[in-house]
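This report describes selected local features of one protein chain. It is meant to be read beside the sequence and the model shown here.

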Amino acid sequence: MTYTLSGCRVITGNEQCPYYPAANIVIKDGIIKKIGPAEICPAEGEQISLRGKLVAPGLINCHHHLPSVLYRDLGSDLPLMDWLQQAMWPAQAHMTGEDAYCAALLSCAEQIQNGITTTVDQYYYADCNARAVKRSGMRAVIGATVFDHPSPESKDTLQTAVDFIEKYRHDERITPCFGPHAPYTESPRTYRRIAALAAEMGVMVHTHIGETRGEIDCIREKYGTTSTQLLEETGLFENRVIAAHNIYLSPQDIDIFAKYQVGAVFCPVSNLKLASGIPDIAPFIKAGIPTAFGTDGAESNNALDLLQDAKIGLLLQKTMHRDAALMPAEQGLAMLTAEAADIIGMAHCLGRLMPGYQADLVVFDDAFANAVPHHATAAQETAHLLYSLSGKNVQSTMVAGKWLMYERQIRTFDYPAVARQVQQRAARIAADAGLL
Ligand SMILES: [Zn+2]
């Protein structure tokens, strides 16, 4: 099927032609066939007028935990270890697979409402999460969490992860991978096994690295090295690795990231709320390391509005380095789209709006006063997107040529029913865990 989105302002993410003030986007069978002004790109098939609206590549959320919307607001304002011990771990012990599925679907709704088309996850109940993503119409990289200890789902999380990867490895919109939690909870032996299995199965690894000073102290005490150097010794970085947080990395660690092109994902809002630290992104960019933003889970964010994470991340860099010109909006846009696609190995088909790429896109409206005025140049529109707009400005969201949300209505599932279910399930879990 061929149709045309017509008359829109387009930020393409394509370095050759970054912006059109008025363009047609011709979509055929879910792929962008042509894009450009009407004179050189006439409409084909049905026309959907987006006259004057801003269209951008769908946002890629490079670090998330889908079911954690269940724990939104619980334990707020507690220090990290208290938050984990008093709120998160007791609550998680009461979560079932069906709870995870419903919560993951709610998380997809919230991400779609915020213009996110691909989410990169790590949690147990990975199969439930994948089923929810498939129903929502989004894309996802889903890491099945591997622990040294049993999870509420499985006594052998590594085997569960292998089974999950086998089940989804040929799926159109789900990219399964291994999700070892972190080097301070999983042993080098586990990471070594995962490194070998990931190489054998040809899949990615999604893990936390350098999130807290406590982690670095613990690894130093136990192994006499840093988390990054420890993981290098396991052979993990021979695979494509998505590393979340990266707050406490040494210059030598950053060299290792550069050597192996480890994908560095930053979650500034989650880090600020838990007072874990402030990520310094600039040295990673200087070293040529692919970088991206993530929301982290809703339990520590508490929203899934990725544009806000990017804005805060960029502003923190400017202030840390006392340089307002550092980390310009263009860098932020790349971290939300093309570089994020590169980190997950999909730069050939996601993260840009250009012929041959997937029609994954987000439409912004000027219904709210914060979107007015705008100025029709690539630099101005990119700054408008990164600094002025937020998730509330998202009008419609598309994946593979299909509207997941159109004019603020989620089309792929009954969102109000899912929201009601999650409300009930979250209340039950909080009560059972003695948190209310
Ligand atoms: Zn995380």
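## Basis of the description

Helices and strands are DSSP runs, numbered from the N terminus; a helix (H or I) has at least four residues and a strand (E) at least two. Gln-380, for example, is placed in helix α14. The model is a predicted one.

## Annotated domain

According to UniProt, in an unreviewed entry, residues 55–404 carry the annotation "domain: Amidohydrolase-related". In the model, this span is 42% helix and 18% strand. The C-alpha atoms at the two ends of residues 55–404 are 15 Å apart.

## Helices α2 and α3

Two packed helices are described by the angle between their axes and the distance between the axes. Helix α2 (residues 97–113) and helix α3 (residues 126–136) cross at roughly 40°, and their axes come within 8 Å. The two helices, α2 and α3, are therefore oblique to each other. The crossing in which α2 passes α3 is right-handed. On the α2 side, the contact is made by Gly-97, Glu-98, Ala-100, Tyr-101, Ala-104, Leu-105, Cys-108 and Ile-112. On the α3 side, Cys-128, Asn-129, Arg-131, Ala-132, Val-133, Arg-135 and Ser-136 take part. Sorted by class, the contact of α2 with α3 has nine nonpolar, three polar and three charged residues.

Helix α2 also contains Ser-107. Is Ser-107 buried or exposed? Ser-107 counts as buried because its relative accessibility is 0%, where the cut-off for buried is under 20%. Apart from neighbours within four places in sequence, Ser-107 is in contact with His-64, Leu-66, Val-69 and Leu-304.

## Helices α7 and α8

A second helix pair is formed by α7 (residues 227–234) and α8 (residues 251–260), which pack at an angle of about 40° with their axes 8 Å apart. That angle makes α7 oblique to α8. The crossing of α7 and α8 is left-handed. Thr-228, Gln-229 and Glu-232 represent α7 in the contact, and they meet Gln-252, Asp-253, Ile-256, Phe-257, Lys-259 and Tyr-260 of α8. By class, the contact of α7 with α8 has three nonpolar, three polar and three charged residues.

## Backbone exceptions

Most residues other than glycine have a negative phi, and most peptide bonds are trans. Ala-275 is not a glycine, yet its phi is positive, at about 55°. Ala-275 is found in the loop between α9 (268–273) and α10 (282–286), and it counts as exposed at 66% relative accessibility. Asp-296, also not a glycine, has a positive phi of about 65°. The place of Asp-296 is in the loop between β13 and α11, and Asp-296 counts as buried at 5% relative accessibility.

Which residues are joined by a cis peptide bond with omega of about 0°? One such bond joins Asn-301 and Asn-302. Asn-302 is found in the loop between β13 (291–293) and α11 (306–320). Another cis peptide bond joins Val-372 and Pro-373, and Pro-373 is found in the loop between β14 (361–364) and α14 (378–388).

## Surroundings of α14 and α12

Asn-370 lies in the loop between β14 and α14. With a relative accessible area of 26%, Asn-370 is partly exposed. Not counting residues up to four places away in sequence, Asn-370 touches His-384, Ser-388, Leu-389, Ser-390, Lys-392 and Asn-393. His-384 is 14 residues from Asn-370 along the chain, and their C-alpha atoms are separated by 9.6 Å.

Within α14 itself, Gln-380 counts as partly exposed at 42% relative accessibility. Gln-380 and Ala-329 are 51 residues apart in sequence, and their C-alpha atoms are 9.3 Å apart in space. Ala-329 is one of the buried residues of α12. Helix α12 (residues 329–336) is mostly covered, with six of its eight residues buried. Besides Ala-329, the buried residues in α12 are Gln-331, Gly-332, Leu-333, Met-335 and Leu-336.

Definitions and conventions: Residues are numbered from 1 along each chain as its sequence is written. This is a predicted model: local features need pLDDT of at least 70, side-chain atom pairs count only at pLDDT 80 or more; totals for chains, interfaces and linings use all residues. Side-chain values use heavy atoms; hydrogens and water are left out. Buried means under 20% relative accessible area, exposed over 50%, partly exposed in between (1.4 Å probe, protein chains only). Axes are lines fitted to C-alpha atoms, for helices over the stretch in contact, and angles run from 0 to 180 degrees between N-to-C directions. Angles under 35 degrees count as roughly parallel, over 145 as roughly antiparallel, 65 to 115 as roughly perpendicular and the rest as oblique. A crossing is left-handed if the near helix is turned anticlockwise from the far one by less than a right angle, and right-handed if clockwise. Contact means heavy atoms within 4.5 Å. Ala, Val, Leu, Ile, Met, Phe, Trp, Tyr, Cys and Pro count as nonpolar, Asp, Glu, Lys and Arg as charged, and the others, Gly among them, as polar. UniProt positions are given in the numbering used here, feature names are shortened, and annotations may be inferred rather than shown by experiment.
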